[in-house]
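Below are some notes on the interior of this model, set out as numbered points. Please read them with the structure open.

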Amino acid sequence: MNILMKTIMASTALLVLSLPASAETFRWGASRDIGSLDPYSYGDSFTLGVLNHVYEGLVRYDRNLKIEPALATSWEILSPKTWRFKLREGVKFQNGAEFTADDVQASLKRASDPKSPLKGNIPAYKGSRVIDAHTIEIDVSENYPLLLNDLTTIYIFDAGWLKDNNAEAPTDVGSGVEGFATYNANGTGPFKVESRQPDAKSVFVKFDGWWDKPQHNIDRIEFSPIASDATRVAALLAGDIDFTDKAPVQDIPRLEASPTVKLLEGTDLRTVMLGFSQRDQLISGAPNPMKDVRVRQALQLAIDLDLIQKRVMRGKSRNAGTLVAPPIPGYDAALDTPIKADPDKAKALLKEAGAEGFEFDFNCTDTLVNEEQICQAIASMWSRVGLKPKLDQAPRAVQTPKRSSGKVDVYTLGWATLPMLDTYSLTSQVLHTKEGTFGIFNWGGWSDKEFDALTEAAATELNRTKRLALEAQSLKVAKEHVLMIPLHQQPLTWATTNKVADLPLMPDNLPRLWLVKK
């Protein structure tokens, strides 16, 4: 009997040793889906953040949002117009292809294509030259100071893979232009795509050939968009998901009371704001009163930011008086005084401008924290001063084509200045006249020569103090002309089960799961 038991125990031990280690699956319950597997398909920081697990740039932001080497190991400025990058050797794409300078050149060409929605993320790019397999030179506008910031989200494709799959031309989510890269991926990052079911589930698995040293112990990421706040919270409390990057502010007390949940809270870099059409006609065909600054001032004075902060945001947001958050270079504290509500003055300005009771479209999405409630509250406030907003609330996928084609009167926007992390991101992409790589997100059609001149001067000013002063001046012009209405910096609230460790709360609201242990 003893011999038999010893034999069974020995056999069992051998069986256990032969089994693979338990695979760790990280279940991410997100508030929305990514737009595409193609990181160039739309300049959306959330999609870019998710796809950073698959694709990588020449440089990246570390835990403290400082730039560090990634696919490039070093760089130098050869002249005011030329940078040289030394590339990391021994890197492989997830299909086994070697990473070389040809891949960087093909990727830069694709990202800067006139039809690329991401061309605004690399506004100063002029061209590139392959010096050898692991050296490339990049030409930019003279004295451009922010190239490294831009390159953090110009992810590198395998040139051969693009050519073999007829994917060298960019795709465009906003215009409905799809391609092979929309549903397939091949990067150099820590995870590779196993499967993709839009609006249902995307699965990423560990890439064993990643060049960097993994800090994580995750073998599989199951990314599931769960639009309903209630469903997402219930899934977290039940242990059906491990993490959500958007814990609803109204459910924070409930989550805090749970012994199985951990909360990570902060203030997002993203400033929530409202934009206006500056076209001659509203989308209804009626004349556009919002071309008059008095009308824009009235719209701003009708909004009670304190009430929104207290009731809608549960005291978790930070009221804004300017269009960028305090940590963003170019921010000016002197401008950051929120405008106090004054409905009577709003009515007087509307009467003075001959714009009493006009009707307009108010375009809102499902992207921002409590966006539906914010829009409903603002629409009600505008109604109280005699205006007639028509609330158009729909998912991002529905609203994006309207916005990018200019078919909006008033719209919401959240801007975190990513990936640049500089005021120039906002001034160049949102407020500058729409031309070339400028004004990609200038959905209202605003154009002002004074503003454009300040923005363009900042683009080539290498002296940091002078450049930030120019950017502050741009923000002052934007405030005086009410180009946009700043509302608040939204709360940053992540929640995990207590099984998750070492998940750093990032101020750019982009999880980096290659740093996570479970």
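1. A cavity is a set of points, on a 1 Å grid over the protein atoms alone, where a 1.4 Å probe fits but cannot get out; lining residues have an atom within 4 Å of a point. Grid points are joined across faces, edges and corners, and a volume is the space filled by probe spheres set on the points.

2. This is a predicted model, in which local features need pLDDT of at least 70 and side-chain atom pairs count only at pLDDT 80 or more, while totals for chains, interfaces and linings use all residues. Residues are numbered from 1 along each chain as its sequence is written, and side-chain values use heavy atoms, without hydrogens and water.

3. The whole structure holds seven cavities of 30 Å³ or more. The largest has a volume of about 590 Å³. Its lining has 41 residues, and Arg32, Asp44, Arg270, Thr367 and Arg396 are the closest to its centre. By class, this lining comprises 17 nonpolar, 14 polar and ten charged residues (Ala, Val, Leu, Ile, Met, Phe, Trp, Tyr, Cys and Pro count as nonpolar, Asp, Glu, Lys and Arg as charged, the others, Gly among them, as polar).

4. The second largest cavity has a volume of about 200 Å³. Of the 18 residues that line it, Asn52, Thr153, Tyr155, Leu510 and Arg512 lie nearest its centre. Nine of the lining residues are nonpolar, six polar and three charged.

5. Leu151 touches Gly57, Leu58, Val59, Phe85, Leu108, Ile122 and Ile138, leaving aside residues up to four places away in sequence (contact means heavy atoms within 4.5 Å).

Conventions:
On a 1 Å grid over the protein atoms alone, a cavity is a set of points where a 1.4 Å probe fits but cannot get out, and a pocket is an open set with protein on both sides within 12 Å along at least five of seven lines; lining residues have an atom within 4 Å of a point.
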